[in-house]
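Trainee: Could we go through this model together before I head back to the bench? I'd like to start with the cysteines.

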Amino acid sequence: ILFIGIVAIFVFLLFKNSLMEKINVDYKMIQKMKHATWFQSHWRTGVFLFFINAVLFFLVGFILYLLAYFIIPFVHVIIMLLAVIVSVCFWMIISKSWQGSKANRFKVGLVGSSFYIILSLVFVYRLMTLKPSYPVEDTFMESIGLIFGIIVTMVAFITCFIIIAFPKSNN
């Protein structure tokens, strides 16, 4: 499933321009953000994107935590798929809304997607300091989970950064 997800994201990135064209610039949210004074600052927009990413991540984590108490198969996969779709839609809306130079767009993408770099570093730290709780505990499954977490957060960083920092060339 992880491999399929990564391949799907890279296929999405290949067809990003045609999908970005489908977002109408006349949407209320896009118009409100375009005309908001705080949104024209690349640092403020980057921090806004950072917090959007953090809120979406922790909201999905909380929903997945709650789903652990129910025995409903495959619902967590659907929730994760919906989370990816919602995140990508938010990134595309922010990318369409923000106007500025290429260098400032690059800064917005770097600041906004840095949430995933920080999360990756937390996972790397946890992986490097992983110790068993008791003498015969096997930490293999926990290390596999942390490695998957690192892969997922790095793919999210790359995807968010590319969508924000490198929009369609004639924008």
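Trainee: How many disulfides does the structure hold?

Mentor: The structure holds zero disulfides, and please keep in mind throughout that this is a predicted model.

Trainee: Why is there no bond at C89?

Mentor: The cysteine sulfur closest to that of C89 belongs to C160 and is 13 Å away, which is too far for a bond, given that a disulfide needs the two sulfur atoms within 2.5 Å. Seen from the other side, the closest cysteine sulfur to that of C160 is the one in C89, again at 13 Å and too far for a bond.

Trainee: And is C89 buried, exposed or partly exposed?

Mentor: C89 counts as partly exposed because its relative accessibility is 35%, whereas C160, with a relative accessibility of 0%, counts as buried.

Trainee: Changing topic, what is the chain built from?

Mentor: The chain has seven helices and zero strands, and its C-alpha trace spans about 60 × 35 × 25 Å along the principal axes. Of the 171 residues in the chain, 34% are buried. If you take the contacts between residues at least 6 apart in sequence, 76% of them join residues at least 24 apart.

Trainee: How do α4 and α6 cross?

Mentor: Helix α4, residues 42-67, and helix α6, residues 102-128, have axes that come within 8 Å and cross at roughly 30°. Angles under 35 degrees count as roughly parallel, so α4 is described as roughly parallel to α6. The crossing of these two helices, α4 and α6, is right-handed.

Trainee: Which residues make that contact?

Mentor: On the α4 side they include W43, V47, L49, F50, F57 and F58, and on the α6 side they include K107, V108, V111, F115, Y116, I118 and L119. Sorted by class, the contact of α4 with α6 has 13 nonpolar, eight polar and one charged residues.

Trainee: One more, about a proline: where does P135 lie?

Mentor: P135 lies in the loop between α6 and α7, the latter covering residues 140-165.

Trainee: Is P135 buried or exposed?

Mentor: P135 counts as exposed, because its relative accessibility is 80%.

Trainee: And how far apart are P135 and K22?

Mentor: From C-alpha to C-alpha, P135 and K22 are 56 Å apart in space, and in sequence they are 113 residues apart.

Technical notes:
Residues are numbered from 1 along each chain as its sequence is written. This is a predicted model: local features need pLDDT of at least 70, side-chain atom pairs count only at pLDDT 80 or more; totals for chains, interfaces and linings use all residues. Side-chain values use heavy atoms; hydrogens and water are left out. Axes are lines fitted to C-alpha atoms, for helices over the stretch in contact, and angles run from 0 to 180 degrees between N-to-C directions. Helices (H or I, at least four residues) and strands (E, at least two) are DSSP runs, numbered from the N terminus. Angles under 35 degrees count as roughly parallel, over 145 as roughly antiparallel, 65 to 115 as roughly perpendicular and the rest as oblique. A crossing is left-handed if the near helix is turned anticlockwise from the far one by less than a right angle, and right-handed if clockwise. Contact means heavy atoms within 4.5 Å. Ala, Val, Leu, Ile, Met, Phe, Trp, Tyr, Cys and Pro count as nonpolar, Asp, Glu, Lys and Arg as charged, and the others, Gly among them, as polar. Buried means under 20% relative accessible area, exposed over 50%, partly exposed in between (1.4 Å probe, protein chains only).
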